[in-house]
Amino acid sequence: MAIFERRYHQCNENIDDTILISCIIETAQEVNGHTEYLLRLQRGPSKENCWRLLKRYNDFVTLHKNFIKSGIPLSLPGKRLFGNMRPDFIAERRQALQQYINDILMNPILASSLPAKRFVDPDTYSQSFHDQAVQNALLCLRHENLWNLGTSLGAIGWRLRKHYFKVTPKPPDSKASNKLVKSSSQTHSQSKHFLASNASNNGSGSGSGTMFSTSIDLNKLEGCELVLEWSEYGPDKYIEEKELTGIFKSVTSLQHPHIESVVYAAHNESGCLTIRKFHKQGSLKDILCMATPKNTFLSKYGNPKGRTALSMKQVANYGKQILEALIFLHSKGFPYGHLHSGNVVIIDDCVKLLDIENYILGVPAFYRPFFVQHSKIHTPEAIDVYCFGHVLFEMAQGYPLQESVVRQISECPESLKNLLESILSRDACRTNLPTLEQLLNHTFFEQHAAGHSQLTNVDDTLKPHFKLTLNAKEMIKQAVQKAENRLRDEQKSVKNQKRIVRVQELMSSEEEKRKTKQKAKLEHKQSKLKQQASLQANNGRISLIATASGSVPEYADVASGATASSSSAIIFQRCDTTGATLTSPDHREPIFKSPPPTPSAYQRSKQASNHNQFAQQHSPGQSTSLANVERQSSTPNITTSDDHHGGNDNDVNEDNGLEKNRSALLESICKFNRGSLRKVRSND
């Protein structure tokens, strides 16, 4: 289906493996009796780098088995034998799987592992990186015939495209005996050197690779375990291969007490090969995690069984030595950019930095997902300062900082707290970070570090030495500028994405507020309508009771056509079809067609007294007329026994008429509608 086709095409050789990949499980569907989940994945903030995959529950189970050795607790939903096709169960499992994949992709160690990459992006990571590394390493070593490639050390590092192998030097034969030279001007420790072909072989075999090496003392290599590292080029590789030869030659000749030297180096069109000493005690990260160096990266650092922090004296000494090495590299125009605890080794209480060639290879940094969130961190020095803050925090606390900024620092001296806050606080990342020189002169190192520098106690043969040609410096400067531009563009994209997310959250919150306000208004309106309905019902009951009792409203004064306030009288008329009529007191003008029931003598006397009292309170002079009106309106067109002296038949007929009138009046009361009343003004 077209919906599952990959939407972008990117060269696998220059892909940035540190860019975060987000995953959203959009829906679930039934296919051939099983459930498949549709995953929408996106690399980085750009929606153009988006693709979709179909995954079954068994695929999640296979992924989970690869992470068991890491020791990181992950909540994978369990299986169900019965009822696993019910819609409610599928929806519940989909939610649980979404939380599971989020936990993996938000963990830096799990997200950078090969099983996770192959799960979310099988097209890019389905190839065998290990086999490619073996082929390239053999091609680079073939022409020299100086090294024996040994077994692989496995995934001991965090990079997917970097592989480690054991390597041993071949013993010199008769043909290579002329390469073992001895000079009378050299000391005994420098008498034997292992020389490889230099300038004569630099231009040969451009397709198979370019090899070079510096003079290495065989006495120092005897008994040392060597490791071969093969690394592919990264997305920030902007130096051409023909220029890399001279730069690598300078790198292999570098000498510094706090930088691990390179024994051998070679490169081809795919990547670079370097040979260094392998330190059995491991890196600084191995010391902090109390891990075995040759174990896999997931098992060593996923959930280490123990952690240890360094003393303040060690933190200050090691931090000061790292700063001295960084300042030396920047003074030579060579950026580092790849400082983290895995690239630091401790030998006899002395720090040595590893992988100084990573920057010219263009590979992404370990902390790139962190400093890409801060637009002020884009220069090589600012990147090294920021990474130094993370290493310093990890040495002092014993565990790495899992966020781009530090929120709270405890259990450390005040000077160290101020130093860390000047690098890792949110305000510091929003403004300019301190320089390397400013960090070296901080009070923390003056209080806890040794007073003398390590550089003043080294022999003349180990004094810092690193010489780059003018052409090499210019090429590195151009590469730095291009890498900064790519980083700035990525930081802008991340910033715009954060702004969009904030706007969406704000809009959603405003929408929720608007919906809540509309709901409150609707409820208020409904309550008012209910109140009005209840009031109308109560008024209707009151009017029914008043009409049944024969009372006349206070505003209907029809005694003689005069009112208390004006000469006009307000009369309400009802248009119904009942035959009975209610006439005015003068027996000429009908008011209501249906007569009210005849009240008893007691009711008439009580109503008369009530109206007389009301009339006396409002208009004493009209009390008599109001009383007459009350008496006349209560029995219109009905004669009493005092007015007629007929026989019993007449009385019976009158009683029957009264009963009919009462029935008609009750019927008219039941059909009474206040909406049909209209206001009429009399001509009087």
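Let's start with the largest cavity, and with what surrounds it. It has 16 lining residues, and the ones nearest its centre are D236, Y359, R368, I383 and A483. Keep in mind as we go that this is a predicted model. The elements that put two or more residues into that lining are α14, residues 368-371, α15, residues 380-397, and α20, residues 470-549. Which of them gives the largest share of the lining? That's α20, with three residues.

How much space are we talking about? The volume of this largest cavity comes to about 190 Å³. And if you sort its lining by class, you get nine nonpolar residues, four polar ones and three charged ones.

It has company, by the way. Searching the whole structure turns up four cavities of 30 Å³ or more. I'll only take you through one other, the second largest, which holds about 50 Å³ of space. Its lining is made of D236, Y238, I239, Y359, I360, I476, A479 and A483. Two elements give two or more residues there, α13, residues 358-361, and α20. Once again you'll hear α20 named for the largest share, three residues in this lining. By class, this second lining has seven nonpolar residues, no polar ones and one charged one.

If you want to find your way around on screen, try D236, Y359 and A483. They're among the residues nearest the centre of the largest cavity, and they also turn up in the lining of the second largest.

Okay, on to the aromatic rings. How many aromatic pairs does the structure hold? Eleven. Let me show you two of them. Y125 and F129 make a tilted pair, with the ring centres 6.3 Å apart and 55° between the planes. Both of those residues are buried. Then there's Y367 with F370, and that pair is stacked, at 6.1 Å centre to centre with 25° between the planes. What makes it count as stacked? The planes have to be under 30 degrees apart, and here the angle is 25°. Y367 and F370 are both buried too.

That stacked pair belongs to a bigger group, because ring pairs join W158, F366, Y367 and F370 into a cluster. So if you click on Y367, have a look at W158 and F366 as well.

Rings can also have a charged side chain over them, and I have two cases for you. K55 lies over the face of F119, 4.7 Å from the ring centre. The other is R93, which lies over the face of Y57 at 3.9 Å from the ring centre.

Now cysteines. How many disulfides are there? The count is zero. For anyone who needs the reminder, a disulfide is a covalent bond between the sulfur atoms of two cysteines. Two of the cysteines are worth a look for where they sit. C23 is buried, with 4% relative accessible area. C289 counts as buried as well, because its relative accessibility is 3% and the cut-off for buried is under 20%.

Next, a few spots along the backbone. R56 lies in strand β3, residues 50-56. Is R56 buried, exposed or partly exposed? It's partly exposed, at 34% relative accessible area. R56 and H34 are 22 residues apart along the chain, and their C-alpha atoms are separated by 8.1 Å.

Q408 is in the loop between α15 and α16, the latter being residues 414-424. Q408 is exposed, with a relative accessible area of 67%. Its C-alpha is 9.1 Å from that of S425, and in sequence those two are 17 residues apart.

Last topic: positive phi angles in residues other than glycine. One is at N32, where phi is near 55°. N32 is in the loop between β1, residues 21-31, and β2, residues 34-43. Is N32 buried or exposed? Exposed, because its relative accessibility is 75% and the cut-off for exposed is over 50%.

Another is D349, with phi near 60°. D349 also lies in a loop, this one between β12, residues 344-347, and β13, residues 350-353. At 42% relative accessible area, D349 is partly exposed.

That's my tour, so let's open the structure and look around.

Terms used: Residues numbered from 1 in each chain as written. Predicted model: local features only at pLDDT ≥ 70, side-chain atom pairs only at ≥ 80, totals over all residues. Heavy atoms only, no water. 1 Å grid on protein atoms, 1.4 Å probe; cavity = no way out; pocket = protein on both sides within 12 Å on 5 of 7 lines; lining within 4 Å. Points joined across faces, edges and corners; volume = space filled by probe spheres on them. Helix = DSSP H or I, 4+ residues; strand = E, 2+ residues; numbered from the N terminus. Nonpolar A, V, L, I, M, F, W, Y, C, P; charged D, E, K, R; others polar. Disulfide = S-S within 2.5 Å. Buried < 20%, exposed > 50% of the residue type's maximum accessible area, 1.4 Å probe, protein only. Phe/Tyr/Trp six-rings, centres within 6.5 Å; stacked < 30°, edge-to-face > 60°. Lys NZ or Arg CZ within 6 Å of the ring centre and 35° of its normal.
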